Amino acid sequence: MGQKMDQMKMINQLRKAQKELKNEIASLEKNGFCDKIVTLEEFLQKFSFRDLTFAIELKESGVEGAVADAIFSHGIEKKCIVTSFSLDRLAAIKAYAPNL
């Protein structure tokens, strides 16, 4: 009898977890965070307040100023690492925001 009770308890816990996951997915879909690539600004609005270190890679030229502005506007400059395979992009962001 005890084993059957344990199994039922586990099934109920799994059902509860499944329901919570469905609610979380519905919330993400409602807020537009599924099936789309979010912008850096959208990402920072959602996550910049968290205690995380952010690694932002520059993949295109010409966005360095906008990226630096976004980093500073969200106050994450001390917890952000900017990377790129392009030395020119790194030099450009360093010239635009030397303290970054």
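These exercises work through the fold, core and surface of one predicted model.

Residues are numbered from 1 along each chain as its sequence is written. Local features need pLDDT of at least 70, side-chain atom pairs count only at pLDDT 80 or more, and totals for chains, interfaces and linings use all residues; side-chain values use heavy atoms, with hydrogens and water left out.

**Exercise 1. Lay out the elements of the chain and describe its overall dimensions.**

Step 1. The chain has 4 helices and 2 strands. Helices (H or I, at least four residues) and strands (E, at least two) are DSSP runs, numbered from the N terminus.

Step 2. Read from the N terminus, the order is α-α-β-α-β-α. The radius of gyration is 21 Å, well over the 13 Å that the globule rule gives for 100 residues, so the chain is more spread out than a compact globule. That radius is taken over C-alpha atoms, and the rule is 2.2 Å times the number of residues to the power 0.38.

Step 3. Along the principal axes, the C-alpha atoms fill a box of roughly 70 × 25 × 25 Å.

Step 4. Of the 100 residues, 18% count as buried. Buried means under 20% relative accessible area, exposed over 50%, and partly exposed in between (1.4 Å probe, protein chains only).

**Exercise 2. Work out how β1, α3 and β2 fit together.**

Step 1. β1 and β2 pair in the parallel sense over 4 bridges. Pairing requires at least two DSSP bridges between the strands.

Step 2. Phe54 stands opposite Cys80 in β2.

Step 3. With α3, the two strands make a right-handed β-α-β unit. Right-handed means that, with the strands pointing away from the viewer, the path from the first strand over the helix to the second runs clockwise.

Step 4. Just after α3, Gly75 takes a positive phi of about 65°.

**Exercise 3. Which side chains of β1 are buried, and which are not?**

Step 1. In a regular strand the side chains alternate between the two faces of the sheet.

Step 2. β1 alternates in this way: Phe54 and Ile56 point to one face and are buried. Ala55 and Glu57 point to the other face and are not buried.

Step 3. Follow Ile56 further. Beyond its neighbours within four places in sequence, Ile56 is in contact (heavy atoms within 4.5 Å) with Leu40, Val67, Ile71, Cys80, Ile81, Val82 and Thr83.

**Exercise 4. Identify the largest nonpolar core and trace the part played by α3.**

Step 1. A nonpolar core is a set of buried Ala, Val, Leu, Ile, Met, Phe, Trp, Tyr and Cys residues joined through side-chain atoms within 4.5 Å.

Step 2. The largest such core has 12 residues, among them Leu44, Phe54, Ile56, Cys80 and Ile93. β1 (54–57) and α3 (64–73) each supply at least two of its residues. The largest share, 4 residues, comes from α3.

Step 3. The buried residues of α3 are Glu64, Gly65, Val67, Ala68, Ala70 and Ile71. They pack against α2 (40–47), β1, β2 (80–83) and α4 (87–96).

**Exercise 5. Is each of Asp69 and Ala95 exposed or partly exposed?**

Step 1. Asp69 lies in helix α3. Its relative accessible area is 41%, so Asp69 is partly exposed.

Step 2. Ala95 lies in helix α4. At 62% relative accessibility, Ala95 counts as exposed.

Step 3. Add two C-alpha distances. Asp69 and Ile25, 44 residues apart along the chain, are separated by 31 Å. Ala95 and Gly65, 30 residues apart along the chain, are separated by 9.4 Å.
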